[in-house]
Every structure is written in structure tokens, then in C-alpha cells.
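Here are a few short exercises to work through at your own pace. Try each task on the structure before you read the solution.

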Amino acid sequence: GHLQQPRPSFSKKDTVQSVHLDPTDPSKRRQLATGSWDGYVKIYDLNSGLCLTNPGMEGHEGKVLCVRYSGNGRVIASSGTDSTVRLWDPATRLPLRVLKSATETL
């Protein structure tokens, strides 16, 4: 029979605002990045349905509004209500850089 994949579960607090699929060869790493109202950037494995970052990559002081992988899949950029853009290494799940807005709005 067909086995169903486990599905990620979300609460109201971690409402997902943005998702982006890793643009690299899907046969190697089928991963999806999410940005949530809880301030976390998370990476999910689409093959297993599991969250690879638990609870998530933290740094934003507010909601995450947008996440995007770079074209080569080696960097995730996230922006949030804290007027920052944060760059993350999806392999190590560590922050690479924080860009702050001079005008307080992005």
C-alpha cells in the first residue's frame, strides 16, 4: 500500500507568511523554506515532511514576512517586521549576515 508522509503541523502563533522551494536539483535536496509569524525561518524536507530546523532559525525580532533561496540554493534571505534582511546558510542553519534598514521599513 501507499504510505502517507508525515505532515508538518502549525499553530496560530507560527502562521506561515512565506514559502520558497529550494531551486537546486530536486532529486538531490527537496527542501522548502518558510517564514512565520513566530519570527522563525524553518527548512522542511519534502521527502519526509519533517522540519529540519526545530524550532527554527531565529534572529528576527518580529514576524518573518518573506523568505527566498538564492539561485544556487546556498543562501536563504529573510525579511521581517523588524526592518532587517537576514542571510542564512541552509546547510549549517547559521546566520551569515544581517542587513538593517536605514528607514525602518523594508
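**Exercise 1. Strand pairing**

Find out in which sense β3 and β4 pair, and over how many bridges.

*Solution.* Start with the terms: strands are DSSP runs of E with at least two residues, numbered from the N terminus, and two strands pair if DSSP finds at least two bridges between them. In this predicted model, where local features need pLDDT of at least 70 and side-chain atom pairs count only at pLDDT 80 or more, totals for chains, interfaces and linings use all residues. Residues are numbered from 1 along each chain as its sequence is written, and side-chain values use heavy atoms, leaving out hydrogens and water. Now look at β3 and β4: they pair in the antiparallel sense over 2 bridges. Within this pairing, Val41 stands opposite Met57 in β4. Next, widen the view: 4 strands make an open sheet, in the order β1-β2-β3-β4, with antiparallel pairing. Its edge strands are β1 (16-21) and β4 (57-58), each of which pairs on one side only.

**Exercise 2. The nonpolar core**

List the residues of the largest nonpolar core, then identify which element gives the largest share.

*Solution.* A nonpolar core is a set of buried Ala, Val, Leu, Ile, Met, Phe, Trp, Tyr and Cys residues joined through side-chain atoms within 4.5 Å. Buried means under 20% relative accessible area, exposed over 50%, and partly exposed in between (1.4 Å probe, protein chains only). The largest core has 9 residues: Ala33, Val41, Ile43, Met57, Val64, Val67, Tyr69, Ile76 and Trp88. Two elements, β3 (40-45) and β5 (64-69), give two or more residues to this core. The largest share, 3 residues, comes from β5. Finally, take Val41: beyond its neighbours within four places in sequence, its contacts (heavy atoms within 4.5 Å) include Met57, Val64, Val67, Ile76 and Trp88.

**Exercise 3. Salt bridges**

How many salt bridges does a search of the whole structure find?

*Solution.* Look for a side-chain nitrogen of Lys or Arg within 4 Å of a carboxyl oxygen of Asp or Glu. The search finds 2 salt bridges. One joins Lys42 to Asp38, with the closest N and O atoms 3.6 Å apart. Lys42 counts as buried because its relative accessible area is 7%. Another joins Arg86 to Asp82, with the closest N and O atoms 3.7 Å apart. Both Arg86 and Asp82 are buried.

**Exercise 4. Cysteines**

Are Cys51 and Cys66 buried or exposed, or in between?

*Solution.* Cys51 has 28% relative accessibility, so Cys51 counts as partly exposed. Cys66, at 28%, is also partly exposed. Then search for disulfides, pairs of cysteine sulfur atoms within 2.5 Å: the structure holds 0.
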